[in-house]
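Trainee: Could you take me closely through one part of this model, following the strands and how they pair? I would like one connected account rather than a list.

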Amino acid sequence: MTFTTFDLEQWQSLYESTVKFNLADSGVQPVTLGELVSTPEAVSQLLRTPLHYPAVNGTARLRELIAALYQGAGPESVLVTVGAAEANGITVAALTEPGDHVILMEPGYRQVSGIGLNAGCEVEAFHLRRENGWRPDLDELDRLVRPSTRLIAVTNPNNPVGTILTSGEMDRIVAAAERSGAWLVADEVYRGTERMSDQETGSFYGRYERVVSTGSMSKAYGLSGLRTGWLVAPPEVIEAAWRRHEYATISTGMLSMTLAEVALTEPLRTQLLARNRGLIRSGYARIEKWIAASGSLLSIVPPAATALAFVRYALDLPSLEVAHALRERASVLVGAGAHFGVENHLRITHGLAPAYLDQALERILETLSSATLRTDPVSR
């Protein structure tokens, strides 16, 4: 049986523990447990948490906190999952069948693409165009939509390029879904990672009756280790996804959900968003200086959000060759553009401790500038 591998995640699984500098992740410097539970009272309360099987669909308190992030949603509209990865996976499984037509946004995180292909769906993409500042080609989307289109998947803000869709662009995407009655699955894990503003990116939820929004504690909150995500959707989708959740993982861990409740309760939620936006802004300032120091070797379309820099390099080498060279010669792991469907680019995470980031960037530039990389690339 043909199986499409998740190349980016395979790359990270194989190599992230083998390098000195890991810039292949997609979040910020993680929050420590001490930052999250910072008072004797909070520690005492955490230590009293019973480690039994938790509510399979998520604790009532956590679902209330998540629902409050989406206009018009209630706790019954929320299913808590093991990260947004599970939320996306069980949503696609619940909504599609072999032969269904699926449209997704590229460049992008290719999970939905692989799941769709492995389920026997017909998968096509509409594109964000670099020559247009990584804005979406919505005329292309309109051409791809058919009466039989079952699902349209987007990521907003985008991974890897950091585009935030305008309200008008969101309206066009919704209109495309409405024409065919397709489900619109919006991966919104990067809401709250805005670089240019403190205004949180708007959700697709509530713009159309067939919207599923997914989110997590990983990106905006710096809590990827909790492996806590969710989907917000109409009742029939929650029901169908819940049944698949019971096969896949049964539930998220009790401690993870307890800590997620702590993180999403004000004023800590706002404090975490501010902390992580600060890391994103500081990290991107370093990226800009680094690119400027490269001369004409590196360039970027400035991202509006995320802790990601999708950097273009002026070398006639495939991105996997370059990424392997950086891994082997500089002990730095980055994402290859090929993992996102775009060559001559590298995805670099920058919302990290300044000294760590600076050392890694110096090693990358030294390797990319070396004559031996041009004359003796890594063979794969």
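Mentor: In this predicted model, strand β3, residues 101-106, and strand β4, residues 122-129, run parallel and are joined by six bridges. Within that pairing, methionine 105 stands opposite phenylalanine 126 of β4. To get from β3 to β4 the chain passes through helix α6, which covers residues 111-118, and the β-α-β crossover made in this way is right-handed.

On leaving β4 the pairing takes another sense, since β4 and strand β5, residues 135-136, are antiparallel partners held over two bridges. One place to look for this is arginine 129, whose bridge partner in β5 is arginine 135. The two strands β4 and β5 form a hairpin, with five residues lying between them, and in that turn you will find glycine 133 with a positive phi of about 70 degrees. Strand β4 is thus a good point from which to trace this part: it pairs in parallel with β3, and in the antiparallel sense with β5.

As you follow the side chains, keep in mind that in a regular strand they alternate between the two faces of the sheet. With that in view, you can return to the pair of methionine 105 and phenylalanine 126, which stand opposite each other, and then follow β4 along to arginine 129 and its partner arginine 135, before ending at glycine 133 in the turn of the hairpin.

Terms used. Residues are numbered from 1 along each chain as its sequence is written. This is a predicted model: local features need pLDDT of at least 70, side-chain atom pairs count only at pLDDT 80 or more; totals for chains, interfaces and linings use all residues. Side-chain values use heavy atoms; hydrogens and water are left out. Two strands pair if DSSP finds at least two bridges between them. Helices (H or I, at least four residues) and strands (E, at least two) are DSSP runs, numbered from the N terminus. A crossover is right-handed if, with the strands pointing away from the viewer, the path from the first strand over the helix to the second runs clockwise.
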